[in-house]
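Subject: Handing over the structure

Hi,

Here is the structure I promised to pass on to you. Have a look at it first, and then read on for what I found in it.

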Amino acid sequence: MTKVLEISHLNKTFGKFQALSDVSFTVNQGQVFGFLGPNGAGKTTTIRSVLGLLKRDSGTIKLMGEDATGNVLDTHRHIAYVPGDVYLWPNLTGGETIDLLLRMGGHARTKRVDDLIKLFELDPRKKNRTYSKGNRQKVALIAAFSANVDLYIFDEPTSGLDPLQARNFQDQILALKQAGKTVLLSSHILSEVEKVVDCVAVIRQGQIVEVGSLTDLQEHAALRINAQVQDWTPFQDYPKFHQELNGEISFTVARALLPKTMTALVTAGVTDLKVTPPTLEDLFMQYYDTGAVAHES
Ligand SMILES: Nc1ncnc2c1ncn2[C@@H]1O[C@H](COP(=O)(O)OP(=O)(O)OP(=O)(O)O)[C@@H](O)[C@H]1O
């Protein structure tokens, strides 16, 4: 499998502040890779390091097997990038900007540009300074989706888009995926990316706390147990223990501890039982809360 982007042991400080600590992950050819984490986690810092817009303290960043930080101009030729906050030349029109962005990247203008302008409902004759945040984002997205590159990087790409345009964005990502293209998609909202990503890395306070497929992550997550038992006291120390007025108890348990918990439930005289797998959103919130998935006993 071709490694398109390989980040190893990346460290970055701003003064005394450690923004990235030992960040490592690999994005393979044809993957749509979600780079997820709360605000301020280090997503943009990582992406800007890849693009050579920030100088890393240590670690390696390889693009298509080559040092990405050696020849930054060359790196940019392999990448289409849409930042979270898009700033454009104020006196150019959207259409002129798309053409300029494509020419700067060495890409030909094709009919695809017109199709995307229509799809995203952009008026390309307006000057950039008159555009809303969402329209500026559309200009950058249209240029990126029109480019033929090895890696597409989108940093919080739908923050200014309305739900219909966000859907168009997702469809375009799926089209890239079908074409075997590689995408790195950063977001702090799981629901925004879960329909399109194959694999995710979760970053929190500058550290990668999980890398894997969405199904892998679900496998590791804690299960919720709801039960009616004659003696609830053995369960009162389980995480998120709660007792309803009707006596039903609920708590969470790591999947690995399920057999032991079932034995304890039988001993406690269980009369009713429901085991619910976590939603991905639940799981994601666990990373936000504690930085680690619950493997508690
Ligand atoms: N130029 C800078 N100087 C000092 N601190 C910085 C600089 N750039 C980023 N930081 C800090 O580094 C940390 C990571 O920021 P970063 O922008 O990478 O987060 P993020 O995950 O992209 O967040 P968001 O989802 O809010 O965009 C934050 O605490 C931020 O304040």
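To begin with the whole protein: 36% of its 297 residues count as buried. Please keep in mind that this is a predicted model. The C-alpha trace spans about 75 × 40 × 35 Å along its principal axes, and the protein has 10 helices and 14 strands. If you take the contacts between residues at least 6 apart in sequence, 72% of them join residues at least 24 apart.

The domain assignment gives domain 1 as residues 3-214 and domain 2 as residues 222-277. Taken over C-alpha atoms, the centres of domain 1 and domain 2 are separated by 44 Å.

Next, the core. The largest nonpolar core has 72 residues, and those that touch the most other members are Ile142, Ala143, Ala144, Leu184 and Leu185. Helix α5 gives the largest share of this core, seven residues. Where does this core lie relative to the two domains? Domain 1 and domain 2 both give residues to it, so it lies between them. As general background, nonpolar side chains in soluble globular proteins tend to be buried together.

A good place to zoom in is helix α3, which covers residues 94-104. Which of its residues are buried? They are Gly94, Thr97, Ile98, Leu101 and Leu102. These residues cover an arc of only 130° around the axis, which puts them on the same side of α3. The face turned away from that buried side carries Arg103 and Met104, which are exposed. As for partners, the buried residues of α3 pack against α4 (111-119) and α5 (133-146). Ala143 lets you see some of this in detail: leaving out residues up to four places away in sequence, Ala143 touches Ile98, Leu101 and Leu102. Ala143 is also one of the core residues that touch the most other members. Just after α3 comes Gly106, which takes a positive phi of about 75°.

Now to the ligand. How many residues surround it? There are 14, and the closest are Phe14, Asn39, Lys43, Thr44 and Thr45. Two elements give two or more residues to this shell, namely β2 (17-28) and α1 (43-50). The largest share, three residues, comes from α1. By type, the shell divides into four nonpolar, eight polar and two charged residues.

Helix α1 deserves a look of its own. Is it mostly covered or mostly open? It is mostly covered, with six of its eight residues buried. The buried ones are Lys43, Thr45, Thr46, Ile47, Ser49 and Val50. Lys43 and Thr45 from this set are also among the residues closest to the ligand. After α1 comes Gly52, whose phi is positive, near 75°.

His76 is another residue to look up, and you will find it in helix α2, residues 72-78. Is His76 buried or partly exposed? With 18 C-beta neighbours inside 10 Å, His76 counts as partly exposed, since a residue needs 20 or more to be buried. Not counting residues up to four places away in sequence, His76 touches Leu51 and Gly105. His76 and Val149 are 73 residues apart in sequence, while their C-alpha atoms are 9.4 Å apart in space.

Finally, there are two backbone details that you may like to check. Asp22, in strand β2, has a phi near 55°, a positive value in a residue other than glycine. Asp22 is partly exposed, with 14 other C-beta atoms within 10 Å. Gln205 also has a positive phi without being a glycine, with a value near 45°. Gln205 sits in the loop between β9 (199-204) and β10 (207-213). With 15 other C-beta atoms within 10 Å, Gln205 is partly exposed.

If you would like a route through the structure, you could start at α3 and its buried side, go on to α5 and the core to which it gives seven residues, and end at α1 and the shell around the ligand.

Happy looking, and write to me whenever you like.

Best wishes

Key
Residues numbered from 1 in each chain as written. Predicted model: local features only at pLDDT ≥ 70, side-chain atom pairs only at ≥ 80, totals over all residues. Domains from an automatic or database assignment. Buried ≥ 20, exposed ≤ 12 C-beta atoms within 10 Å, placed from the backbone. Helix = DSSP H or I, 4+ residues; strand = E, 2+ residues; numbered from the N terminus. Arc of directions from axis to C-beta. Contact = placed C-beta atoms within 7 Å. Near = placed C-beta within 6 Å. Nonpolar A, V, L, I, M, F, W, Y, C, P; charged D, E, K, R; others polar. Core = buried A, V, L, I, M, F, W, Y, C linked by C-beta atoms within 7 Å.
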